[in-house]
2 protein chains.
Amino acid sequence: MNVNGDDRYVIGVDFGTLSGRAVVVRVSDGAELGSAVHEYSFGAVETRLPATGAALPPHWALQVPEDWRAVLREAVPKAVAAAQVPASKVIGIATDFTACTILPTTSDGTPLCELDEFVGRPHAYAKLWKHHAAQPHADRINATAEARGEPWLARYGGRISSEWQFAKGLQLLEEDPEIYARADRFIEAADWIIWQLCGVETRNVCTAGYKGIHTNGEYPSREFLAALNPDFAGFVDDKLRHPLAPLGGRAGGLTAQAAGWTGLPEGIAVAVGNVDAHVTAPAADAVRPGQMVMIMGTSTCHVMVSDQLSEVPGMCGVVRDGIVPGLWGYEAGQSGVGDIFAWFVDNSVPRSYAEEAERLGVSLHEHLTDLAAAQPVGAHGLVALDWHNGNRSVLVDHDLSGVIVGQTIATRAEEQYRALIEATAFGTRTIVETFEAAGVPVTEIIVAGGLLRNAFLLQVYSDVLRRPLSVIGSDQGPALGSAMHAAVAAGAYPDIHAAAAAMGKVNRDVYTPDTAKSDAYDALYAEYTALHDYFGRGGNDVLHRLRRLKVRAGGAA
Amino acid sequence: MNVNGDDRYVIGVDFGTLSGRAVVVRVSDGAELGSAVHEYSFGAVETRLPATGAALPPHWALQVPEDWRAVLREAVPKAVAAAQVPASKVIGIATDFTACTILPTTSDGTPLCELDEFVGRPHAYAKLWKHHAAQPHADRINATAEARGEPWLARYGGRISSEWQFAKGLQLLEEDPEIYARADRFIEAADWIIWQLCGVETRNVCTAGYKGIHTNGEYPSREFLAALNPDFAGFVDDKLRHPLAPLGGRAGGLTAQAAGWTGLPEGIAVAVGNVDAHVTAPAADAVRPGQMVMIMGTSTCHVMVSDQLSEVPGMCGVVRDGIVPGLWGYEAGQSGVGDIFAWFVDNSVPRSYAEEAERLGVSLHEHLTDLAAAQPVGAHGLVALDWHNGNRSVLVDHDLSGVIVGQTIATRAEEQYRALIEATAFGTRTIVETFEAAGVPVTEIIVAGGLLRNAFLLQVYSDVLRRPLSVIGSDQGPALGSAMHAAVAAGAYPDIHAAAAAMGKVNRDVYTPDTAKSDAYDALYAEYTALHDYFGRGGNDVLHRLRRLKVRAGGAA
């Protein structure tokens with residue numbers, strides 16, 4: 001890389017589920033000069049509490065905050081070293097996090113799990129985004145909100161997720177009231193890490209809006225909270241409430257302690273916290289109304305800004321300033337994408353395919369993709385519903401499950417694999433069409449995330465959507481997006497629009513639809529839609545009944 | 001075995017798809033004293049004509065008659081030797097065959113494919129039961145019969161199969177008129193083999209009724225045949241018509257030539273031809289009204305006699321004297337059973353299971369069965385439709401295909417395997433309930449066939465059906481049933497009822513339903529029925545549309 005003495009740099013740090021990544025980015029043009037990854041020691045804690053070895057109940061998922069500090073100590077200095085730039089030229093740092101990942105702390109930000117007396121208490125730890133043990137609490141939140149006609153419910157597609165702040169907080173109160181009482185704060189990890197960096201407590205508008213039910217300047221009322229549980233009435237006032245800080249704002253200056261951890265200059269700008277999916281939009285220079293960014297990995301997250309407020313059925317949320325200041329930020333999602341393909345590869349592909357892939361020196365995914373790509377559209381005679389991990393948008397129903405129709409004794413593994421890929425593309429089309437039908441135009445689609453490496457899959461999406469697909473020009477989009485926010489917080493750019501224009505990276509129209517294939521997919525999409533509505537909108541509630549039978553019989557929920 | 005000098009013996013020969021089996025049976029009690037199997041040299045000819053190497057079109061399946069004669073020459077003497085009985089004590093021989101397996105011959109019974117001039121002509125060979133290239137001809141037969149209101153159509157559940165005599169005959173006429181013209185006979189292999197044994201041409205009532213549309217003493221009319229094709233008007237009169245012979249009747253005496261092949265005494269009784277499934281009923285001593293025999297293998301065939309005539313929706317056929325003289329013989333079927341499980345094992349089970357099965361020293365089927373058996377009913381959260389090979393009864397629709405609902409990313413191979421087993425049990429329950437709803441009571445169910453070895457599967461059937469299951473006491477049921485007909489033809493018993501009482505073998509109530517499991521299955525069966533009617537009776541015709549898309553795209557039909 002060409003390093004110029006006048007260049008200045010920013011650091012973006014992306015905190016994921018199993019590791020954290022730091023990237024050093026040049027302020028002038030967004031060049032990524034060096035990066036480093038630190039794998040967490042504890043990772044996602046899902047079976048046993050590390051401190052005691054005690055078994056966790058089903059559907060729990062925790063994290064250990066020390067894992068996150070280690071990223072600051074390990075990955076940041078390594079990234080700076082790899083970039084071969086002087087640390088003195090770094091002018092700001094910003095982070096993005098999984099969400100809702102949330103933890104109880106003391107009033108000075110100490111995680112309760114770090115107090116000796118609470119190391120053996122699961123509720124003292126951070127609850128990871130995919131902690132799903134608060135579903136009964138979410139169910140009560142939704143039932144109560146519906147019964148009371150709470151106006152904010154429609155802003156979340158009609159349903160509050162068990163993954164979010166209020167469900168996790170209510171579970172904490174009801175299952176470990178002592179920890180709840182001792183928690184001076186219940187704070188998103190996205191904000192907690194900023195507190196660690198600059199010593200100043202902040203709350204970012206993004207997680208407050210998408211995960212904390214903060215709408216029109218208000219949290220849910222004390223009356224609503226008391227209706228859930230009288231002891232929960234003070235949840236907002238006692239644990240959550242704090243002035244909100246805008247994305248790209250300066251939370252404070254890097255403390256001496258954090259400067260010691262990172263090797264960065266004391267006092268440089270620390271940006272307000274942010275979320276991995278949302279921060280990817282500016283990384284792809286997609287901060288104008290109508291530009292939808294799809295971050296495609298195990299699941300897919302759709303983020304888009306708009307100058308119009310609309311209550312899109314089944315969206316995850318719409319939040320003012322939630323992605324970019326001054327615009328409405330929309331989020332939608334598909335709860336199963338890459339993890340459906342992984343499930344299929346792990347559970348439904350015969351030995352002969354594994355051996356052939358080994359012989360060819362390719363992964364089983366690549367082998368199946370190559371075989372699938374050779375089929376004409378519709379030749380497999382299959383249609384699937386992509387609900388193996390539930391449906392986030394537009395049905396907002398995590399109790400749905402997968403469906404596949406059309407199998408014969410001639411059906412082969414690559415045909416089912418292709419049908420599953422197509423099903424996720426049909427799911428995306430359903431979301432895009434729902435946005436447009438609700439009066440929120442989608443003018444461009446930009447893809448980011450791990451599934452970018454599957455060119456066949458992206459061509460299927462382009463054909464199914466009848467749209468060109470643009471592709472982010474970075475394979476570390478979230479960290480790049482964070483770095484841009486650091487540049488804004490440091491004053492190098494007046495706002496995220498200017499930073500995105502200078503530092504964002506996108507390749508336009510990398511995939512373009514093949515009209516003949518699009519026509520053929522239309523017929524399959526019509527079948528998908530009919531089955532989607534039959535199984536998902538009450539035509540036949542068999543999927544819910546099967547799940548209840550399964551739970552009653554002792555199967556995994 | 002205890003061989004007594006006064007004992008007499010009969011031979012039953014079962015002609016299957018890939019081999020023929022001869023069994024030596026003691027007349028007095030049905031003891032099976034020795035057997036031998038002869039694998040066909042040519043087997044099922046499905047890709048290339050052996051004589052020329054020429055490729056066959058899709059969906060063709062032929063056989064070579066010399067394969068059948070070889071069974072008489074090879075298997076019969078070996079079975080007698082294995083039984084260690086004197087051939088001079090053998091008093092009769094009978095056979096059963098796959099059906100409809102049919103061939104064109106000269107007036108003396110010489111197969112046209114054995115004439116030098118026709119060895120290269122595919123239509124000169126026997127068309128095996130599973131030859132499926134006459135579907136367009138079957139479609140025309142059904143459309144024409146419906147349009148003309150032919151009364152016999154209801155006797156076949158409303159639909160004539162492409163596997164049967166008229167579809168195969170019409171295809172012969174239209175695709176190779178020269179062979180059609182040269183065919184003095186178009187004759188079931190079941191009758192042809194008897195002609196070979198005794199030198200007398202006969203036509204058995206069973207194949208004439210079930211495969212040849214012979215109802216109320218009549219074949220379809222010349223007018224109907226002419227409506228299909230003017231040149232087809234004489235099909236019955238010229239190729240098929242012959243006095244019908246009753247099951248268990250004596251067709252003639254063993255010829256000197258056939259005595260030479262078999263080593264049996266010249267002149268012993270040769271019984272009228274019969275069909276593998278139907279002949280199994282007396283082998284299981286199931287010749288009384290209401291006793292349903294299920295022959296379970298790659299597919300399942302249900303046969304039952306009754307004193308009542310009813311047009312059961314979706315049955316394969318009801319034929320007077322078609323199983324047992326003096327009673328109505330009903331046949332129904334499930335077109336995919338064992339072959340669905342085989343498809344799943346071959347195409348949807350990951351390498352780790354195959355390796356574990358090897359380590360345990362069991363087959364993959366056994367390994368999956370053991371894992372599946374450990375699950376509580378309903379714990380998999382799945383329901384499947386067993387239509388991967390179409391649906392024979394009660395929908396009579398070979399263009400349907402499979403469905404499975406309820407998969408999640410936690411679903412494992414053994415759960416899907418179990419759901420497929422259950423689906424076939426639900427298919428059986430649908431058939432049994434349809435018979436009873438049509439006024440034909442089913443008082444006992446007796447199982448025969450290769451799937452007998454899977455005790456878990458049979459327990460599922462018993463639980464799903466809420467009925468005890470009896471089990472045939474022989475693993476060579478068809479050959480035993482044939483031997484009984486030989487005993488009747490030889491005059492050792494006055495009729496098949498007496499022979500079945502003395503020689504038939506059944507173990508009563510080997511499987512009995514578990515009430516708690518039956519209750520749990522009722523909930524799953526209700527879901528099966530709802531999906532069955534939705535996908536199979538026009539609620540959503542997606543399966544037919546997908547098949548058309550597939551054919552248009554060039555996929556396998």
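I take contact to mean heavy atoms within 4.5 Å. The model I am looking at is predicted.

**Entry: chain A as a whole**

I looked up the secondary structure of chain A and found 19 helices and 21 strands. Next I checked the overall dimensions. The C-alpha atoms of chain A fill a box of roughly 65 × 60 × 50 Å along the principal axes. For 557 residues a compact globule would have a radius of gyration near 24 Å, and chain A has 23 Å, so the two agree. I then noted that 64% of the 557 residues in chain A count as buried. Among contacts in chain A with a separation of 6 or more, 72% join residues 24 or more positions apart.

**Entry: surface and charge of chain A**

I read off an exposed area of about 18200 Å² for chain A, with carbon and sulfur atoms supplying 49% of it. I also looked up the charged side chains: chain A has 44 positive and 65 negative ones. The centres of these two sets lie 2 Å apart.

**Entry: nonpolar cores**

I asked which residues touch the most other members of the largest nonpolar core. They are F435 and F535 of chain A, together with F435(B) and F535(B), in a core of 190 residues. I followed F435(A) further, leaving aside its neighbours within four places in sequence. F435(A) is in contact with three methionines, M292(A), M304(A) and M315(A). The other residues in contact with F435(A) are V312(A), Y330(A), A332(A), V440(A) and V442(A). I also found a second, separate core of 46 residues, which includes I295(B), C301(B), A500(B) and V506(B). I set beside this a general remark: in soluble globular proteins, nonpolar side chains tend to be buried together.

**Entry: helix α10 of chain A**

I looked at helix α10 of chain A, residues 276-283, and found it mostly covered, with seven of its eight residues buried. Among the buried ones are H278(A), V279(A), T280(A) and P282(A). The alanines A277(A), A281(A) and A283(A) are buried as well. After α10(A) comes D285(A), which has a positive phi, near 50 degrees.

**Entry: V10 of chain B**

I found V10(B) in strand β1 of chain B, residues 9-15. Is V10(B) buried or exposed? Its relative accessible area is 0%, and buried means under 20%, so V10(B) is buried. I then looked up its surroundings, again without neighbours within four places in sequence. V10(B) is in contact with residues including V23(B), V25(B), V90(B), I91(B), G92(B), A483(B), A486(B) and M503(B). I noted the spacing to A486(B): 476 residues in sequence, but 6.1 Å in space from C-alpha to C-alpha.

Methods: Residues are numbered from 1 along each chain as its sequence is written. Chains are lettered from A and ligands numbered from 1 in the order in which they are written. This is a predicted model: local features need pLDDT of at least 70, side-chain atom pairs count only at pLDDT 80 or more; totals for chains, interfaces and linings use all residues. Side-chain values use heavy atoms; hydrogens and water are left out. Helices (H or I, at least four residues) and strands (E, at least two) are DSSP runs, numbered from the N terminus. The radius of gyration is taken over C-alpha atoms; the globule rule is 2.2 Å times the number of residues to the power 0.38. Buried means under 20% relative accessible area, exposed over 50%, partly exposed in between (1.4 Å probe, protein chains only). Accessible areas come from the Shrake-Rupley method with a 1.4 Å probe; for residues, only the protein chains shown count as cover. Lys and Arg count as positive and Asp and Glu as negative; His and the chain ends are not counted. The place of a charge is taken as NZ of Lys, CZ of Arg, CG of Asp or CD of Glu. A nonpolar core is a set of buried Ala, Val, Leu, Ile, Met, Phe, Trp, Tyr and Cys residues joined through side-chain atoms within 4.5 Å.
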